[in-house]
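Colleague: Please take a close look at one part of this model for me, the surroundings of the ligand. I would like a connected account that a first-year student can follow.

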Amino acid sequence: MKKQDFSWLFSETVFEKVEAMTSYPRARVPTQPVLSVKSFTGFGKRHVPSVLDSGAAKFVTSGRVAIALALQQMNVGKDAEVLVPAYHCPAMVEPVIWSGATPVFYKINADTSVNLEDIKAKLNASSKVLMAANYFGFPQDLSALREFCDTNGLKLLEDCAHSFFGQHKGKPLGSFGDYAIGSSMKFFPVYEGGCLISSRNSLKKLKLNSAGLGFEAKSAFNALERSFEYQHLRFLKVILTVPTTLKNFIWGRIKSRSSSENYNLGPGASDGGFGFEEKWLNKRCSWFSRFLISTVARTRIANRRRENYLLLEEAVKDIPGCRPLFPELYQGVFPWVFPVITNNTQAIFDELKNAGVPVVRFGEFLWPCIDSTVCENSVNLSRCVLQFPCHQELRHDELNWMISMIKTALLKTELQKVEML
Ligand SMILES: *Cc1c(COP(=O)(O)O)cnc(C)c1O
């Protein structure tokens with residue numbers, strides 16, 4: 001593929017898919033964590049290891065920006081090749097393209113583990129970095145990857161966007177890579193945020209600057225507004241009615257006066273966009289996001305995610321035609337979502353999305369050169385796996401509603417199949 005070829009983003013099929021995606025109704029329960037009073041309660045004594053324990057961290061506005069910065073820190077540019085998993089989201093590939101390097105897609109196995117044999121076959125003098133993701137929160141065999149990289153003169157970029165919490169062989173996730181990245185929005189009730197971490201290199205020379213007061217305000221208001229939308233902070237909504245109205249008024253005035261460029265105060269990453277925006281490269285995460293990341297109860301996040309995951313697992317376990325992607329939620333895994341393999345995935349996805357169920361599909365849009373000759377497993381995972389949120393801010397009533405909707409949809413498609421036989 002040509003390096004600067006973005007035409008696929010506008011090609012009809014992808015465009016149509018994106019259109020269809022955005023025309024679903026708003027999810028009835030929050031897809032990502034939203035702020036609640038409980039976010040601050042339930043501190044446990046037990047410390048849950050997280051990527052922040054693995055080394056020095058810099059807080060930026062998204063995970064993809066952290067990937068770009070990691071590549072920059074490793075001096076990856078033109079003439080370099082970065083090994084990228086064929087199972088990915090475009091936000092993992094775009095920073096590689098931006099860096100000038102060539103992404104070389106490697107195979108993953110059916111259980112999402114890295115296929116080292118395939119990587120070995122793809123190495124050459126230009127290979128510089130291996131990017132590996134702990135999909136859905138389940139760690140790769142990171143010590144094996146580390147050893148492989150050391151043997152072959154590669155740097156390891158550990159993508160912990162799905163695995164903010166957890167450990168492998170007694171060490172926190174993030175400590176195996178030369179650099180690691182996290183995506184705060186996937187785990188914390190924040191509007192924007194990502195982090196770059198390194199257990200092996202100093203990040204002191206990396207200077208970040210403020211994105212301005214408008215951005216600081218937007219980040220705080222949007223985090224609160226998302227919570228209000230789902231009625232998770234009812235009392236605060238009442239108190240903040242006046243300032244919110246005022247803010248919307250001012251926003252409206254600014255928008256009507258300036259070009260779209262000027263009032264675009266938040267990163268596209270926070271609004272479901274795929275793209276990489278260079279203007280956010282050296283911007284610091286907002287004060288409000290950093291405040292929340294440091295003050296909300298981490299043990300609650302970690303424990304609730306496991307509990308909710310297990311409830312979802314229990315709910316689908318006897319339904320024919322589907323099975324959890326991972327056979328077991330073993331100790332030390334703090335999942336991002338609950339991934340399940342289904343028959344008739346697209347129909348179930350459409351039905352649930354139309355009913356307002358917050359179903360996600362990581363890897364729904366693979367880079368256009370990926371087909372079954374590149375990696376059959378990635379294509380299958382992209383097509384057949386649905387993910388359901390298991391985040392800490394799902395209330396019992398929301399989770400129960402979601403579970404009953406999921407069960408109905410899964411059973412219905414199975415029944416239809418039986419009728420057709
Ligand atoms: C979401 C995601 C990213 C990018 O994170 P953002 O914060 O959305 O920029 C990177 N890698 C993986 C595996 C992701 O799922």
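Modeller: What follows starts at the ligand and then moves outward into the protein. The model is predicted, so local features need pLDDT of at least 70 and side-chain atom pairs count only at pLDDT 80 or more, while totals for chains, interfaces and linings use all residues. Residues are numbered from 1 along each chain as its sequence is written, and side-chain values use heavy atoms, with hydrogens and water left out.

Around the ligand (a heavy atom within 4 Å) are Ser62, Gly63, Arg64, Cys89, Met92, Asp159, Ala161, His162, Ser183, Met185, Lys186 and Phe362. Sorted by class, this shell holds five nonpolar, four polar and three charged residues. Here Ala, Val, Leu, Ile, Met, Phe, Trp, Tyr, Cys and Pro count as nonpolar, Asp, Glu, Lys and Arg as charged, and the others, Gly among them, as polar.

Some of these residues place polar atoms by the ligand. A polar backbone atom of Gly63 is 2.7 Å from a ligand oxygen, and an N or O atom in the side chain of Arg64 is also 2.7 Å from an oxygen of the ligand. On Asp159, a polar side-chain atom lies 2.6 Å from a ligand nitrogen. Alone, the ligand has 380 Å² of accessible area (Shrake-Rupley method, 1.4 Å probe), and the protein covers 95% of that.

Two members of the shell, His162 and Phe362, lead further in, as Phe136 touches them (heavy atoms within 4.5 Å). Leaving out residues up to four places away in sequence, Phe136 also touches Tyr87, Leu325, Phe326, Pro335, Trp336, Val337, Pro339 and Gln387. Phe136 is one of the four residues, with Leu157, Phe388 and Met402, that touch the most other members of the largest nonpolar core, which has 124 residues. Such a core is a set of buried Ala, Val, Leu, Ile, Met, Phe, Trp, Tyr and Cys residues joined through side-chain atoms within 4.5 Å; buried means under 20% relative accessible area, with a 1.4 Å probe and protein chains only. In soluble globular proteins, nonpolar side chains tend to be buried together.

Val337 gives one more link. Its C-alpha is 9.6 Å from that of Leu386, 49 residues away in sequence. Leu386 lies in strand 12, residues 385-389 (a DSSP E run of at least two residues, numbered from the N terminus). Leu386 counts as buried because its relative accessibility is 0%. Over the whole chain, buried residues make up 54% of the 421.

Conventions. A polar contact is a pair of N or O atoms within 3.5 Å; within protein, one must be able to donate a hydrogen and the other to accept it, and residues adjacent in sequence count only if both atoms are side-chain atoms. Buried means under 20% relative accessible area, exposed over 50%, partly exposed in between (1.4 Å probe, protein chains only). Helices (H or I, at least four residues) and strands (E, at least two) are DSSP runs, numbered from the N terminus.
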